[in-house]
Protein chains: 2
Amino acid sequence: MSKPPISDPRRTLTLRDVSEASGVSEMTVSRVLRNRGDVSDTTRERVLEAARRLGYVPNKIAGALASQRVNLVAVIIPSLSNMVFPEVMTGISDTLEDTGLQPVVGVTNYSPDREESVLYEMLSWRPSGVIIAGLEHTDASQAMLAQAGIPIVEIMDIDGSPVDSAVGISHRRAGRQMAEAIIAAGYRNIAFLGTMMPHDHRARKRLEGFEEALAKAGLSLVEREFYSGGSALLKGREMTEAVLTRNPQVDFLYYSNDMIGAGGLLYCLSKGIDVPGQIGLAGFNGVELLDGLPRKLATMDACRLEIGRVAAEIIAGKHASGTIGGEVIELFPTLQKGDTIRG
Amino acid sequence: MSKPPISDPRRTLTLRDVSEASGVSEMTVSRVLRNRGDVSDTTRERVLEAARRLGYVPNKIAGALASQRVNLVAVIIPSLSNMVFPEVMTGISDTLEDTGLQPVVGVTNYSPDREESVLYEMLSWRPSGVIIAGLEHTDASQAMLAQAGIPIVEIMDIDGSPVDSAVGISHRRAGRQMAEAIIAAGYRNIAFLGTMMPHDHRARKRLEGFEEALAKAGLSLVEREFYSGGSALLKGREMTEAVLTRNPQVDFLYYSNDMIGAGGLLYCLSKGIDVPGQIGLAGFNGVELLDGLPRKLATMDACRLEIGRVAAEIIAGKHASGTIGGEVIELFPTLQKGDTIRG
DNA sequence: ATGAAAGCGCTAACAC
DNA sequence: GTGTTAGCGCTTTCAT
């Protein structure tokens, strides 16, 4: 197996090819292609023409190795299939757009081990920064993040200790606030319905805050129901039926996310249940997706777009605070009572 | 600004550090870390221990440059926010999982220019393959794909000429099939409702196929309605109201996707319209998400998971066909009549 | 089973 | 404004 000669048509083009085709040194070609340094207009034109004609695509691997600079930002999130992270991604992309930085997404499926290996893989490309969901990671992940020597932003949650910076909301507080609103509206027999996700720490914290506020009012959950897998809308419907059948005196259903909440809402409406008179409902996330439902589900916005935006600003070094790392930025979700909490 | 000395604690670790810490040559350390070649168990242990202790993360940039091998697969899709591409991603990730290849996602927002720049950016990292949605690209993109010298798989659609391989369904045929089913069920005053997306070629082809089949039956659309932006569910509701108000004799609503179809369905049900007796409805995609709706919307599955799986197999070189590139693999969606087409 | 030397394709730093 | 030189941190190849 001999090495292909310089004329092998299957070989990918190098700076040198553009240099030869344009009669300009590699260095100057490099300058033109990166818009760096002074290059005369005639030279620039000749180079660009040659590069275009040949169809040259620079090799960022070599460039990155030589310059010790990589324009990649690692973004590590649990899932892409639930509306919330895509919106965070949008915030990140929008902000990074004009910084020359590029997000690279890794998905962990809520598995800490998978997160660890995705992180390892991504760090091995020496990105300029890491945006990672949550504050809970394996010890090894924590160590890698701490060692990486680049800005790290942990997003979505601020109830805990970040490695570096954090941007998010307090889910514990969010749960508390929702409980308070529900209690204030006069509901007393409250059930929780969630997806079974041992590693969804944010849902867990919301539930903790929720129960804490119930306890303070001398109440406790009369029911809990967990499911996993399948269509969230359908699961919400099924769980709701199960809960209401088992426990007809339940007067409020608190869901861990809007999709299962919507399923529950559709179930209640189809059964002719008076919402929010007889039974109230609330979800979490404020997903715009659901705006077309017959009734607007009570929910709390998770500030997804804003979280993505701020995280990206920190990585890009253009966040208002100006400080270098170590900041915790708390965002404050608004409670939308919609049509499913009375009062 | 002097260059940090070898002892700078902020410098990221190199093979050399592991080599010194373990007293083993860089070359052997490299062998251990890549599981290549024969290394004695004692040496291997010493190296792994040192690497772990230091928290060494290999530099893939240097590795890729030296080996001319990159374990990345570029995946270029229009959007992450509509259920369909996340599912394709799942198919891709699942299949790539045990090949050592890693997907890297780029999002184009249905803009050909953005697609071109995302593609350029990704190719500059010299990936092992490209999976890209659609068959329509700018001339420059076409040229880059053709020149890249790596496997290219265009996905979702097969109505056109692929650069290399293609995996998808015929959207024209899908539109035709749906029209035939609708006509067979006796509907005659048919309206189309879609999102306004000049660059959504697949929706366009479905509509073309649909109208073609209508024409063959001596029919034509009595209404068309396009919207853009906002919550799909809400838009579907609004568009449906507009269409039915303007044209009360309409007896079938064909939507370009399931989400707006679901909005329309909810609208019809809330208005007490007899579905599918008085009015029938159909969407497209077969999104599982909607399974909890009061009635099951007629739709066609777009084979999303399977498309992702097959595309990844082709890139990984383990597709059944065994051929090297240039294959067009057509998948066949099944029409699910659900509860919204009579008969 | 292990090591030494030569690059991968580019850019930083310096000359001219 | 343009060219030259010396690496970036690894892996390939070949020697031992």
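1. A word on classes before we look at the DNA: Ala, Val, Leu, Ile, Met, Phe, Trp, Tyr, Cys and Pro count as nonpolar, Asp, Glu, Lys and Arg as charged, and the others, Gly among them, as polar. With that in hand, the surface near DNA strand D divides into ten nonpolar, ten polar and five charged residues. Please keep in mind throughout that this is a predicted model.

2. Let us stay with DNA strand D. It is surrounded by 25 residues, and the closest are Arg31(A), Thr43(A), Met27(B), Ser30(B) and Tyr56(B). Both chains contribute helices here: α2 (26-34) and α4 (60-67) of chain A, and α2 (26-34) and α4 (60-67) of chain B, each supply at least two residues of this surface. The most comes from α4(B), which gives four residues. On the DNA side, 66% of the strand D atoms within 4 Å of the protein belong to sugar or phosphate, and the rest belong to bases.

3. Some individual contacts to strand D are worth opening in your viewer. Arg31(A) places a polar side-chain atom 2.4 Å from a base oxygen of DNA strand D. Thr43(A) goes to the backbone of the DNA instead, with a polar side-chain atom 2.6 Å from a phosphate oxygen of strand D. From chain B, a backbone N or O atom of Ala62(B) lies 3.2 Å from a base nitrogen of that strand.

4. Now for DNA strand C. It has 26 residues around it, and Leu15(A), Ser30(A), Tyr56(A), Arg31(B) and Asp38(B) come nearest. Of the strand C atoms that come within 4 Å of the protein, sugar and phosphate account for 69%. By class, this surface has ten nonpolar, ten polar and six charged residues.

5. Which contacts reach a phosphate oxygen of strand C? Leu15(A) offers one through a backbone N or O atom, at 2.6 Å. Arg34(A) offers another through an N or O atom of its side chain, at 3.2 Å. A base oxygen of strand C is approached by Arg31(B), whose polar side-chain atom lies 2.5 Å away. The elements that give two or more residues to the surface near strand C are α2 and α4 of chain A together with α2 and α4 of chain B.

6. The record adds a label to this region. For chain A, UniProt lists residues 13-67 as "domain: HTH lacI-type", in an unreviewed entry. Over those residues, the chain is 71% helix and 0% strand, and the end C-alpha atoms are 20 Å apart.

7. On to charge pairs. Side chains of opposite charge can pair when their charged atoms come close. Over all chains, the count comes to 38 salt bridges. One of them joins Lys205(A) and Asp157(A), at 2.5 Å from N to O. Lys205(A) sits in helix α9 (residues 201-216) and Asp157(A) in strand β4 (residues 152-157), so this pair ties together parts of chain A that are 48 residues apart in sequence. Is this pair buried or exposed? Buried means under 20% relative accessible area; Lys205(A), at 1%, therefore counts as buried, and so does Asp157(A), at 0%.

8. A second salt bridge connects Glu330(A) with Arg173(A), with the closest N and O atoms 2.7 Å apart. Glu330(A) belongs to strand β11 (residues 328-330) and Arg173(A) to helix α8 (residues 171-184), so the pair ties together parts of chain A that are 157 residues apart in sequence. Glu330(A) counts as partly exposed at 25% relative accessibility, as does Arg173(A) at 29%.

9. In chain B, Lys296(B) and Asp291(B) meet in a salt bridge of 3.8 Å, N to O. Back in chain A, salt bridges that share partners join Glu87(A), Asp301(A) and Arg304(A) into one network.

10. Last, the aromatic rings. The structure holds nine aromatic pairs over all chains. One of them is Phe192(A) with Tyr254(A), an edge-to-face pair at 5.8 Å centre to centre and 65 degrees between the planes. It links distant parts of the chain, with Phe192(A) in strand β6 (residues 190-195) and Tyr254(A) in strand β8 (residues 252-255), 62 residues apart. Both residues are buried. Ring pairs also link Phe192(A), Phe210(A), Phe226(A) and Tyr254(A) into a cluster.

Definitions and conventions:
Residues numbered from 1 in each chain as written. Chains lettered and ligands numbered in written order. Predicted model: local features only at pLDDT ≥ 70, side-chain atom pairs only at ≥ 80, totals over all residues. Heavy atoms only, no water. UniProt positions renumbered as here; feature names shortened; annotations may be inferred. Near = heavy atom within 4 Å. Polar contact = N/O pair within 3.5 Å; in protein donor to acceptor, adjacent residues only side chain to side chain. Salt bridge = Lys/Arg side-chain N within 4 Å of Asp/Glu carboxyl O. Buried < 20%, exposed > 50% of the residue type's maximum accessible area, 1.4 Å probe, protein only. Phe/Tyr/Trp six-rings, centres within 6.5 Å; stacked < 30°, edge-to-face > 60°.
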